[in-house]
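This briefing is written for a reader who has the sequence and the coordinates at hand. Please read it alongside the structure shown below.

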Amino acid sequence: MNFAGEDRYSRQERFYGIGAEGQKKLAQAKVLIIGAGALGSACAETMVRSGAGKVTLVDRDYVEWSNLQRQNLFTEQDAAERIPKAVAAARRLRSVNSSVEVEGIVADITAEEIGLYTRGIDLILDAADNFEVRMIVNDIASRDGIPWIYGACTGSYGISMTIVPGQSACLHCLLDSVPAGGDTCDTAGIIGPAVQMTAAYQTAEALKWLSGNVSALRGTLVSFDLWTNRHSSVDTAKLKRADCPSCGAKRTYPYLSPDSHSRTAVLCGRDTVQIRPPSQVRLDLEEWERRLSAYGRAERNPYMLSLTLDRHRMAIFPDGRVLVHGTGDPAEARSLYHRYFG
Amino acid sequence: MKLYINGNETELDEACATLADLLSRPEWKERRMIVELNGMIVGRDDFGTVLLADGDRIELVHFVGGG
């Protein structure tokens, strides 16, 4: 079934900045969205409704009740069934616009694997929830010459910047190392409008780039606070560093080196720690459900296995990743992991 | 001296002389910032040498990670 009739994009084509020509370019575009949480939902919905050619979402997490307040692609049923966000998002997006090719990938972004997702991509929208992943995105974007759009939000605050390799300062120029969890963690909570505003800045830039309106790009680091009514737009061109390890003359792409990232990651404001397996594995979830049900309540869906223990809950994915809920302490999470997975 | 930080009038004692001094205050020191001083962006390497003066307008943009 194809509903991409003549009328579908008429309002967008009437818009002077896009037109029929811009719409054609958009229909050829392949967009990668890193993360399918709040920003990922909002960005993906706009890109799919606007008729991008292909939208790929990569996310490591699954839908929980606390997501529904702002992550606009998900339903109560997704939360009740603990559906991986990439799966639930792709399902919803396909029903919104069947003429767009939508791919949802349940995976963690790592230095080793990001190249699998960026091949042939025209633009990357950042909807990650941490800087470790953003620095990996920044390095691969610089290496392969793919523009990407940083976006992040917390509380009523949001920030975004478009990074065009070879032209703008990159994220590594602006931040000399990965910020520690504490200063960027979303312990302040978040309101939906901050998400929508950030995603609006990101997707407006995406539409400009993909429809061939390069000169319309904003060119500044924009930030705002919807509660205190502040807005700022700063020209960061002068912060581009000739000696930047990610985009400078002697670039080495340090964050694409496999040893640059940790096996354990504390998920911001979530009382959750993610542990990656030491090497690539493929878990048979049915087998593990049988094994682990001796220790607690084990529940399985096609995408993950959930094990509820006394004080903790573990979400186990086929790629061997485990989310340990109920602790923010990496050591405690690791010891639980080793108890069940050796 | 009187400064305008993100539009808010702020009174600082004289000991606060450089941008680095200002950014080491408790409310800012844990944050990653982009700093604009009177409309001009200031590189990280210059934070320790840029002197603040009465009436300066400072824009502090901090990075966040949530998404």
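What follows covers the interface between the two chains and then the internal cavity.

The model is predicted, and the values below should be read with that in mind. Chain B touches chain A through 21 residues, which meet 39 residues of chain A, and a search of the whole structure also finds one cavity of 30 Å³ or more.

**Extent of the interface**

- The area buried between chain B and chain A comes to about 2300 Å², with carbon and sulfur atoms giving 55% of it.
- On the side of chain B, the residues that lose the most area to chain A are B:R32, B:R44 and B:F63, which together make up 29% of what that side buries.

**Polar and charged contacts**

- Four salt bridges are counted between chain B and chain A, and B:R44 takes part in one with A:D176, where the closest N and O atoms lie 3.7 Å apart.
- Ten residue pairs, both members at pLDDT 80 or more, are in polar contact between chain B and chain A.
- Strands β3 (33-37), β4 (40-42) and β5 (57-62) of chain B each contribute at least two residues to the side of chain B that touches chain A.
- By residue class, that side of chain B divides into seven nonpolar, seven polar and seven charged residues.

**The cavity**

- The largest cavity holds about 60 Å³ of space, and its lining divides into six nonpolar, four polar and two charged residues.
- Helix α7 (residues 131-144) of chain A gives the most to this lining, with three residues.
- Among the residues that line the largest cavity are A:N138, A:A141 and A:S142, together with A:W148, A:C170, A:K240, A:C247 and A:R251.

Definitions and conventions. Residues numbered from 1 in each chain as written. Chains lettered and ligands numbered in written order. Predicted model: local features only at pLDDT ≥ 70, side-chain atom pairs only at ≥ 80, totals over all residues. Heavy atoms only, no water. Contact = heavy atoms within 4.5 Å. Buried area = accessible area lost by both parts, 1.4 Å probe. Salt bridge = Lys/Arg side-chain N within 4 Å of Asp/Glu carboxyl O. Polar contact = N/O pair within 3.5 Å; in protein donor to acceptor, adjacent residues only side chain to side chain. Helix = DSSP H or I, 4+ residues; strand = E, 2+ residues; numbered from the N terminus. Nonpolar A, V, L, I, M, F, W, Y, C, P; charged D, E, K, R; others polar. 1 Å grid on protein atoms, 1.4 Å probe; cavity = no way out; pocket = protein on both sides within 12 Å on 5 of 7 lines; lining within 4 Å. Points joined across faces, edges and corners; volume = space filled by probe spheres on them.
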